[in-house]
Amino acid sequence: SCGGSSCGAAPLVPINALRNAALEAARTDLVLLLDVDLLPSKGLHERLCAARLGRALAASCEAGEVWVLPAVEMSSTGARQAISLDWEAKEAQAEVATGAEQAQHATGAEQLQQATGAEPMEEQDEEEDEDEDEAEAIRRSVSIACLPLAAVAQRVRSGALRSFHSLHYEQGHGATDLSRWADEVASAGDAGDGSSADSGECTDGGGDGGDGESIGYAVEFEEGYEPFVLASRRRLPRYEERFRGYGFDKVFFFLQLHEQQRPRFRVLPCGLAVDVPHRRSPDWHATFRAADSRGHRLQLLRTRALYSRCKRELALQRQFAAVLAAS
């Protein structure tokens, strides 16, 4: 694969090879696939390992279900830019503004994506404030992760918190439906059940937590979805190690998981992950900022081409399997 200086590009982190190494080193039947720059909510591990719920989750994961951990980030003011990449046609862009303009542009971006079949990918036009105190950002994220879930849900409903990367890559976590998660957590508290989500229960407010069907809610997979999940380690595909650096690495992983196993995605109501803001990585800059003498962003083009190739290979595998099954 092409990821080093011999290919005309700066050395890139072999991110998917590292993910595979982590999975191979894991010793538990279930694994939580969570980026290092997110914090799990306080008490999540204890809740997931509780005897009754632990058995239910283990059984459902072995049966092919994948459990989604909702992710939140702090809302901010500043305009963002969403970029849609159609590697089979043209590159299209739609700017996301604040206030009333934001809703108008979001609708336009959705129509553009439907018309082109484009896959959104993250880019932000303006740098984050590089002078921001990163320690303070960590403290704010920790304080959110330590809140009772009912308090987090209230902040989601008020707009103080939003779905992770929702302004510049809605498809990444949009299917999780964070608003529904917040409503279900709030309903569990309003039902007078002792605020089940905050006391360690993990049900839909009416179930007993003894089986997967009584927990959370199901969501539909869509291309581009890359949630943070709890899953059976043995049922997961390997990450495609040709992806290096930033872009499409997890998108293809979940597309492969969906195409090969058709798992059912369900959202956990008893926990969440909190984004920890940080400066952009060198690999992000290599993808979205670095350009050759003619202004071409070569790493972005490579990543787009690799994703297209991997999709074609996946389609051929599916066709070959169908031929074998019919013979």
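This is a guided tour of a predicted model, going from the whole chain to selected helices, cores and loops.

**Whole chain**

Start with the full protein chain in cartoon view. Twelve helices and twelve strands make it up. Of its 327 residues, 46% count as buried. Switch on the surface: the accessible area is about 16000 Å², and carbon and sulfur atoms hold 52% of that. Among contacts with a separation of 6 or more, 80% join residues that are 24 or more positions apart.

**Helices α10 and α12**

Select residues 249-261, which form helix α10, together with residues 298-326, which form helix α12. The two helices pack with their axes 11 Å apart and at an angle of about 10°. Because angles under 35 degrees count as roughly parallel, α10 is roughly parallel to α12.

Now show side chains at the contact. On the α10 side, colour V251, F252, L255, Q256, E259 and Q260. Their counterparts in α12 are Y307, C310, K311, L314, Q317 and R318. By type, the residues of this contact comprise six nonpolar, three polar and three charged.

**The nonpolar cores**

Keep α10 in view and move to the largest nonpolar core, which has 44 residues. Select L33, W181, L236 and F265, the members that touch the most other members. Helix α10 gives this core its largest share, six residues. A second core, separate from this one, has 17 residues; L48, L57, W67 and L230 are among them. In soluble globular proteins, nonpolar side chains tend to be buried together.

Centre on F265 and show what surrounds the residue. Beyond its neighbours within four places in sequence, F265 is in contact with V66 and V68, with Y217, A218, V219 and F221, with Y225 and P227, and with F254 and L257.

**H173 and H165**

Y225 and P227 are also a way into the next stop, since both appear among the contacts of H173. Select H173 in helix α7, residues 170-173. Is H173 buried or exposed? H173 counts as buried, because its relative accessibility is 5% and the cut-off for buried is under 20%. Apart from neighbours within four places in sequence, H173 is in contact with S163, F164, Y225, E226, P227 and F228.

Step back along the chain to H165, in the loop between β8 (161-163) and α7. H165 has a phi of about 60°, a positive value although the residue is not a glycine. H165 is buried as well, with a relative accessible area of 18%.

**The loop between β10 and α10**

Next, select the loop that leads from β10 (228-232) to α10, and pick out F248. F248 is another residue other than glycine with a positive phi, here near 70°. Its relative accessible area is 4%, so F248 is buried.

R244 lies in this loop too. With a relative accessible area of 28%, R244 is partly exposed. Draw a C-alpha to C-alpha distance from R244 to A17: the two are 8.4 Å apart in space and 227 residues apart in sequence.

**Helices α5 and α6**

Turn to helix α5, residues 134-145, and select I144. I144 is buried, with a relative accessible area of 9%. Leaving out neighbours within four places in sequence, its contacts are M74, V152, L161 and V274. One of these, L161, is 17 residues from I144 in sequence, with 9.6 Å between their C-alpha atoms.

V152, another contact of I144, leads to helix α6, residues 149-158. Which residues of α6 are buried? They are L149, A151, V152, A153 and V156. Just after α6 comes G159, with a positive phi of about 95°.

**E220**

End at E220, in the loop between β9 (217-219) and β10. E220 is exposed, with a relative accessible area of 67%. Add T176 to the selection: the C-alpha atoms of E220 and T176 are separated by 8.6 Å, while the residues are 44 apart along the chain.

How values were computed: Residues numbered from 1 in each chain as written. Heavy atoms only, no water. Axes fitted to C-alpha atoms, helices over the stretch in contact; angles between N-to-C directions. Helix = DSSP H or I, 4+ residues; strand = E, 2+ residues; numbered from the N terminus. Parallel < 35°, antiparallel > 145°, perpendicular 65-115°, else oblique. Contact = heavy atoms within 4.5 Å. Nonpolar A, V, L, I, M, F, W, Y, C, P; charged D, E, K, R; others polar. Core = buried A, V, L, I, M, F, W, Y, C linked by side-chain atoms within 4.5 Å. Buried < 20%, exposed > 50% of the residue type's maximum accessible area, 1.4 Å probe, protein only. Areas by Shrake-Rupley, 256 points an atom, 1.4 Å probe, with all protein chains shown as cover.
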